[in-house]
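Let's work through a few exercises together. Keep the viewer open and try each task before you read its solution.

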Amino acid sequence: MDKKLKVGILGATGMVGQRYITLLADHPWFEVVLVAASSRSAGKTYEQAVAGRWKMEGPIPTAVKDLTVLDVDQVDRIADEVDFVFSAVSMSKDEIKKIEEKYAKAEIPVVSNNSAHRWTPDVPMIVPEINPDHSRVIKFQRERLGTKKGFIAVKPNCSIQSYAPALSAWRKFEPTQVIATTYQAISGAGKTFKEAPEILNNVVPFIGGEEEKSEKEPLKIWGRVDDQEKAIIPAVSPVITSQCLRVAVLYGHTAAAFVNFKQNPTKEELIQALESYRGVPQEMKLPSAPKQFIQYLTENDRPQVRFDVNFEKGMGISIGRLRPDKIFDWKFIGLSHNTARGAAGGAILCAELLKAQGYITAD
C-alpha cells in the first residue's frame, strides 16, 4: 500500500486499547491517527491519560503518546478524521450498541472487540481463518442502517479461540457434543496481578457471561449467511457445554475439551487436520496472519502458557494431549493468547480481511 488507512481507537486507554496501540505501531496498512476514551481522559495527551496504568510490556509508541485523547461521544469530529475505528470501549451493552451504531451511521466502519453486537443477526462475527465469507452479510446490514460505507463487524469471545479453531479443523468429522472448560487469564478482565491480588494462590470458578458466550458463539461462527433472512443463521451442532474459571495467569486462556464425532477419525487424521488447516489470511498473506494457524505439540506437558502462549506472536493456536476418552471419543488441551489472537490482534486481522475484501476503504 502506498497510503495507510487512518485508524481511530475507541477505548484506547484500557488494556485492549493499549494492545491495539502496540500492535499497530508499525503496521504496513494502518496508522493510528486518533485515540478516544471517556470524558475523564478527553483533553489529555495519550501519555498523560495512561500515566500510572500503562500495562503493556514496552513503552508507549512515540507516534501515539502525544495525541490528544478525544471523547468517544465526539462522533462527527472523529468521523471526519479516520477511515475506520477499532472499538474497545467499556460501557454497558446498550450504550455500546448505541455508540457503535452511531459511528456506522456516520459512514465509519467499526471493527469491535465488544460483545454487544455479537448477536445482532446482520453483524458478522469473524475469525478470519474460519468464516471469512460471513462478511457478505454487511450488504444487508448497510441496507438496514441506510449506509454506503459504514457497518459493524465484531470478533468473538477471547476464550473460544483456545478450542473452536481445533473444532473448525475437525468439522469434516462432524463433531456432535463438546465439553469445554476454560482456565482464563486475568488480563481477560483487563487486570494485572497488581490490580488483582485476590487471584494469587486462587482460582475463581465464575466469570460473568462467559459460559453462555462459550457455548453459543462458535455456532454463529459455523453458521451461514441466509439471503432471504438477510442474517447469519447459527449452526445447530455440535452441542457445547462449558465452565469458565479465572486463574493466576497474566496472558493465555487454556481449554480442557472433550468431543464426540459422528464420524470415527483416527488420532493421525485429527492431528493432520490441525496441522494442515489454512484459511484466507494465510492464502492472502495478510500482515497479521500467522503462517501456521494451529500447531500440535507432542509433549505430554504441552501446551503451557509459559512456553507456548506467544506462538506466532500470539496469533497462533496450540493444541496438545489429544487422546481417547472413556466417555467421549477424544479429549485435548488448547491454548490461545487472549489479548493478541483473542482480542486486539484478532480484530486487526479481521480489519485486514475486510480491507482486502473491499469493505474498508480510504475516504
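**Exercise 1. Is Phe 84 buried or exposed, going by its relative accessibility?**

Solution. Keep in mind that you're looking at a predicted model. Start with the number: Phe 84 has 0% relative accessibility. Buried means under 20%, so Phe 84 counts as buried. Now do the same for Phe 30: its relative accessible area is 1%, so this residue is buried too.

**Exercise 2. Work out what kind of aromatic pair Phe 30 and Phe 84 form, and which strands the pair links.**

Solution. The structure holds 11 aromatic pairs, and this is one of them. First, the distance: the two rings sit 5.1 Å centre to centre, and the cut-off for a pair is 6.5 Å. Next, the angle: there are 75 degrees between the planes. Over 60 degrees counts as edge-to-face, so that's the label for Phe 30 and Phe 84. Last, the location: Phe 30 belongs to strand β2 (residues 30–37) and Phe 84 to strand β4 (residues 84–87). With these positions 54 residues apart in the numbering, the pair links distant parts of the chain. Both rings also belong to one aromatic cluster, together with Tyr 20, Trp 29 and Phe 86.

**Exercise 3. Classify the ring pair of Tyr 46 and Trp 54.**

Solution. The ring centres are 6.3 Å apart and the planes make 85 degrees, so this pair is edge-to-face. Tyr 46 has 0% relative accessibility, so it counts as buried.

**Exercise 4. Which lysines lie over the face of Trp 119?**

Solution. Look at Lys 216 to begin with: it lies over the ring face, 4.7 Å from the ring centre. Then check Lys 220, which lies over the face of Trp 119 as well, at 5.8 Å from the ring centre.

**Exercise 5. Trace the open sheet of six strands and find its edges.**

Solution. Read off the order: β3-β2-β1-β4-β5-β6, with parallel pairing. The ends of that order are the edge strands, β3 (70–71) and β6 (152–154), and each pairs on one side only. For a look inside the sheet, take β1 (residues 5–10) and β2, which pair in the parallel sense over six bridges. Lys 6 has Glu 31 in β2 as its bridge partner.

**Exercise 6. How do β12, β13 and β14 run relative to their partners?**

Solution. Strand β12 (residues 294–297) runs parallel to β13 (residues 317–324), joined by four bridges. Here Ile 294 stands opposite Ile 317. On to β14 (residues 330–336): five bridges join it to β13, and these two run antiparallel. Arg 323 stands opposite Lys 331 in β14. Finally, β13 and β14 form a hairpin, with five residues between them.

How values were computed
Residues numbered from 1 in each chain as written. Predicted model: local features only at pLDDT ≥ 70, side-chain atom pairs only at ≥ 80, totals over all residues. Heavy atoms only, no water. Phe/Tyr/Trp six-rings, centres within 6.5 Å; stacked < 30°, edge-to-face > 60°. Buried < 20%, exposed > 50% of the residue type's maximum accessible area, 1.4 Å probe, protein only. Lys NZ or Arg CZ within 6 Å of the ring centre and 35° of its normal. Pairing = 2+ DSSP bridges.
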